[in-house]
Amino acid sequence: VLGGDGTMLDAMHRIIDDGLERPAYGLNVGTVGFLMNRYHRQVRLRERLALARPIAVAPLCMDVVTQGGEQHSFFAVNEVSLLRETRQTAKIEISVNDRVRIPELAGDGVLLSTPVGSTAYNFSANGPILPLDSQMLALTPISPFRPRRWKGAILPDRSRVTFRVLEPDKRPVSAVADQREVRDVAEVRLAVARERQLTLLFD
C-alpha cells in the first residue's frame, strides 16, 4: 500500500471485508502515516519485505440492532464508538461477557478500541495506548458524567462487550465502526473477529 493518511485503514478494510488472505505492507508518502513504514527514495521493496516483521491484527465485529429492529454488522480495525445524537446526555448500560458491569454510563458516549486504534480516538478520549501484540481491548468513556471517577478498563480481547442504550427515544445514540455509522441504535454487541485476522508487515 502506497499512500498517506487513511490509505492503510481503507486497504485493511478491503482485505477484511473481502476475506482475503494476504499480508499488508504500507509505505507512507503522506503526513501521519498510520501503521505505515517510512518511505525512502530508493525503496528496495523486495529486500524490505523479506526483512519485515509480521504482526497479526484482528478487527472488532459490531452487531447492531436499531430502535426499529433493523440489524447491521460491520468490522472495525480501530474502534467502535457510541455517541449521543442530540444535546441530551447518552445513557448506556455496559455488559462484559453477559454480565452488567456499568448499569448506567451517562456522558457523550463510550468506545471499545483495538490495540491498532488505541492511539487514535481512544487516546484523544484519554484511553490507554495498547501495544499491537497485547491481545487486549480498551473500554473508554467519552466525556463521562457518571460514574464520576470511572476512567475505563482494559479487557482481554476474548471479552464480549454489549452496549444497551437506555431511554433511546429521549436520548438517541449512534454507533460508528471506524467510518461506518448506524443511527438510533438500541443494542450493540462487540467481539474480536478472529476469523478475519490479517497480517501487517513492519520494518
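**View 1. The largest pocket fills about 230 Å³.** This is a predicted model, in which local features need pLDDT of at least 70, side-chain atom pairs count only at pLDDT 80 or more, and totals for chains, interfaces and linings use all residues. Residues are numbered from 1 along each chain as its sequence is written, and side-chain values use heavy atoms, with hydrogens and water left out. A pocket here is an open set of points on a 1 Å grid over the protein atoms alone, where a 1.4 Å probe fits and protein lies on both sides within 12 Å along at least five of seven lines; lining residues have an atom within 4 Å of a point. Points are joined across faces, edges and corners, and the volume is the space filled by probe spheres set on them. The largest pocket is lined by 17 residues, and those closest to its centre are Ala 56, Val 57, Ala 58, Leu 132 and Asp 157. Sorted by class, the lining has 10 nonpolar, 4 polar and 3 charged residues. For that count, Ala, Val, Leu, Ile, Met, Phe, Trp, Tyr, Cys and Pro are nonpolar, Asp, Glu, Lys and Arg are charged, and the others, Gly among them, are polar. Strands β5 (53–57) and β11 (136–146) each bring at least two lining residues, with β5 giving the most, 3 residues. Strands (E, at least two residues) and helices (H or I, at least four) are DSSP runs, numbered from the N terminus.

**View 2. The second largest pocket holds about 160 Å³ of space.** Residues lining this pocket include Ser 124, Ala 125, Asn 126, Arg 148, Trp 150 and Lys 151. Pro 141 and Pro 144 are also among them. Strand β11 has the largest share of this lining, with 5 residues. The class split is 5 nonpolar, 4 polar and 2 charged.

**View 3. Strand β5 sits at one edge of an open sheet.** The sheet has 3 strands in the order β2-β17-β5, with mixed pairing. β2 (24–25) and β5 each have a single partner strand, so one side of each is left without a neighbour in the sheet. β5 pairs with β17 (residues 198–202) in the antiparallel sense over 5 bridges; two strands pair if DSSP finds at least two bridges between them. Look for Arg 53, whose bridge partner in β17 is Phe 202.

**View 4. The largest nonpolar core has 30 residues.** Such a core is a set of buried Ala, Val, Leu, Ile, Met, Phe, Trp, Tyr and Cys residues joined through side-chain atoms within 4.5 Å. Buried means under 20% relative accessible area, exposed over 50%, and partly exposed in between (1.4 Å probe, protein chains only). Met 62, Val 80, Leu 82, Ile 94, Leu 112, Phe 163 and Val 188 touch the most other members. Strands that each supply at least two core residues include β6 (60–66), β8 (79–84), β10 (99–113) and β16 (185–192). Apart from this core lies another one of 19 residues, among them Ala 24, Val 77, Val 116 and Ala 193. Back in the largest core, Leu 112 touches residues including Leu 60, Val 80, Leu 139, Phe 163 and Leu 190, not counting residues up to four places away in sequence. Contact means heavy atoms within 4.5 Å.

**View 5. Thr 114 and Ser 118 share the loop between β10 and α3.** Thr 114 counts as buried because its relative accessibility is 2%. Leaving out residues up to four places away in sequence, Thr 114 touches Ala 58, Leu 60, Ala 76, Val 77, Asn 78, Leu 130 and Leu 137. Ser 118 is buried too, at 0% relative accessibility. With the sequence neighbours up to four places away set aside, Ser 118 touches Ser 113, Phe 123, Pro 128, Ile 129 and Leu 130.

**View 6. Gly 152 lies in the loop between β11 and β12 (153–156).** The two strands pair in the antiparallel sense over 4 bridges, and Leu 139 stands opposite Ala 153 in β12. Their hairpin has 6 residues between the strands, and Gly 152 takes a positive phi near 115 degrees there. Gly 152 is partly exposed, at 26% relative accessibility. Beyond its neighbours within four places in sequence, Gly 152 is in contact with Leu 139 and Pro 141.

**View 7. β6 and β7 form a hairpin with 4 residues between them.** β6 and β7 (residues 71–76) pair in the antiparallel sense over 6 bridges. Leu 60 stands opposite Ala 76 in β7, while Gly 69 in the turn has a positive phi of about 90 degrees.
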